[in-house]
Amino acid sequence: MIGSANGYRVSISGLGAHVPDRVLTNEELARMVDTSDEWIRTRTGIRERRIAGPEEALTDVSLPAARTALERAGISGSQLDFVIVATVTPDMTFPATAALLADALGASDAGAYDLSAGCTGFVYALAQAYGMLAGGLCRTVLVVGGDLLSRIIDWSDRSTCVVFGDGAGAVVLQRVDSGGFLGFELGADGAGGRDLCVPAGGSRLPVTPEVLAAGQQYLQMNGREVFKFATRVLVSSAEKLLEQCGMTVDDVDVYVPHQANVRIIDHAVEKLGIPRERVVVNVDRYGNTSSGSIPLALAEAVGEGRLTKGDIVLMTGMGAGLTWGSGLMEWTEEAA
Ligand code: ACO
């Protein structure tokens, strides 16, 4: 799916992010599995990641991010028409984490649902919210991207436990007079679904003692295949969207790629030809936070004063599905 802006203009009016306090370093991981700080840094660029405490669920980690986003937008929870939470690690299979979060925010009449598109979830959710706002169905939507992948990791599997971390980001989307979202490009290839999945816990393979003994409740990843997929779609999705919007990479002021692996980002940056100083990278401190990755990086860029009104911002994610998605926007004054 690809499309450029139509209907009401829509932008980010408030932005927030939150990560758990607990820092897990590469050195600590090297005491848990057969790995080293050097291997993790050179193969992924990651130095440390955050891990949620045993008492924290996704709503707990998302709530501070959502509150900050509402505060920056200058609105209260009761003004929200809709809440979308992009995640693969909801508090429970159901009800939707979005409904629990909406309740915690006092958004008593808001519609609420969770969206599952792996690490691309945040971009998918932005596109969904954009559609509802641009079409006039809503005036104010909260989009949260967040995951606690530490909950579905096999901590004895060195090929996965070193790359992921926990975190969440949130944005309030509202109508604006000009600027804002310019277009989206989203796609999926279910043929690669098995390359990144949690085999058990759904209707195909309910959890039984045998399933638990085989570790099928944990995230499984064919890292090499996902790596190849990621390097391909980060480039193709961005190129397609820029062309659709009548722009080129030269127009992009700030590039916010999914933070999975610094080698994947480097590859995309080189192929696209985006100058390094325009790229936001924080994977070194948070690892791959899945749906939390892009909003966390965006919040960091805003916090560092890297975004000003009129800047063209390109975001591209890819992940489980396998899915990919890009969003292009013109940063607006209202954007906090
Ligand atoms: N420490 C030391 N050695 C390791 C580790 C580790 N943590 N993990 C794997 N190795 C070993 C392997 O066993 C292998 O050894 P062998 O050659 O003797 O067989 C060797 O290192 C190379 O393994 P590769 O899997 O080829 O390593 P690679 O360079 O591909 O890096 C990684 C692995 C980091 C997982 C990489 O493939 C990657 O980043 N893949 C993409 C992941 C991703 O982007 N996911 C995004 C979506 S996530 C979502 O949607 C939830």
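**Stop 1: helices H3 and H4**

Start with the crossing of H3 and H4, which is right-handed in this predicted model. To see the pair, select residues 58-73 for helix H3 and residues 97-105 for helix H4. Their axes come within 10 Å and cross at roughly 50 degrees. That angle makes H3 oblique to H4.

Which residues of H3 meet H4? Show the side chains of Leu58, Thr59, Ser62, Leu63, Ala66, Arg67 and Leu70. Across from them, on H4, you will find Thr97, Leu100, Leu101, Ala104 and Leu105. If you colour this contact by class, you get 8 nonpolar residues, 3 polar ones and 1 charged one.

**Stop 2: a cis bond on the way to H4**

Now select proline 95, in the loop between strand E5 (82-86) and H4. Look at the peptide bond that leads from phenylalanine 94 into proline 95: this bond is cis, with omega near 5 degrees.

**Stop 3: helices H8 and H9**

Next, bring up helix H8 (223-244) and helix H9 (262-272). As a reminder for this stop, two packed helices are described by the angle between their axes and the distance between the axes. For H8 and H9 the angle is about 35 degrees, and the axes are 9 Å apart. The crossing here is right-handed.

Turn on the side chains of H8 that take part: Phe227, Ala230, Thr231, Leu234, Val235, Ala238 and Glu239. Their partners in H9 are Arg263, Ile264, His267, Ala268, Lys271 and Leu272. How many residues of each class does this contact have? There are 8 nonpolar, 2 polar and 3 charged residues.

**Stop 4: the largest nonpolar core**

Keep H8 and H9 on screen and add strand E13 (312-319) and strand E14 (323-330); these four elements each give two or more residues to the largest nonpolar core. The core has 45 residues, and H8 gives the most, with 9. Which members touch the most others? Select Tyr255, Leu272, Ile274, Leu314, Met318 and Leu328 to see them.

A second, separate core has 40 residues, and you can find your way to it by selecting Tyr130, Val141, Val143 and Trp331, which are among its members.

Go back to methionine 318 and show what surrounds it. Leaving aside neighbours within four places in sequence, methionine 318 is in contact with Cys119, Thr120, Phe229, Ala230, Val233, Leu234, His258, Ala260, Ile264, Thr323 and Trp324. You have already met Ala230, Leu234 and Ile264, in the contact of H8 with H9.

**Stop 5: another cis bond**

Move to leucine 322, in the loop between E13 and E14. The peptide bond from glycine 321 to leucine 322 is cis, with omega near -5 degrees.

**Stop 6: serine 290**

Select serine 290, in the loop between helix H10 (283-286) and helix H11 (293-303). Is serine 290 buried or exposed? Its relative accessibility is 2%, so serine 290 counts as buried, the cut-off being under 20%. Check its backbone too: phi is positive, about 55 degrees, although this residue is not a glycine.

**Stop 7: proline 209**

Finish at proline 209, in helix H7 (residues 209-213). Proline 209 counts as exposed because its relative accessibility is 62%, and the cut-off is over 50%. For a last exercise, draw a distance line between the C-alpha atoms of proline 209 and glycine 287: these residues are 78 apart in sequence and 31 Å apart in space.

Key. Residues numbered from 1 in each chain as written. Predicted model: local features only at pLDDT ≥ 70, side-chain atom pairs only at ≥ 80, totals over all residues. Heavy atoms only, no water. Axes fitted to C-alpha atoms, helices over the stretch in contact; angles between N-to-C directions. Parallel < 35°, antiparallel > 145°, perpendicular 65-115°, else oblique. Left-handed = near helix turned anticlockwise from the far one by under 90°. Contact = heavy atoms within 4.5 Å. Nonpolar A, V, L, I, M, F, W, Y, C, P; charged D, E, K, R; others polar. Core = buried A, V, L, I, M, F, W, Y, C linked by side-chain atoms within 4.5 Å. Buried < 20%, exposed > 50% of the residue type's maximum accessible area, 1.4 Å probe, protein only.
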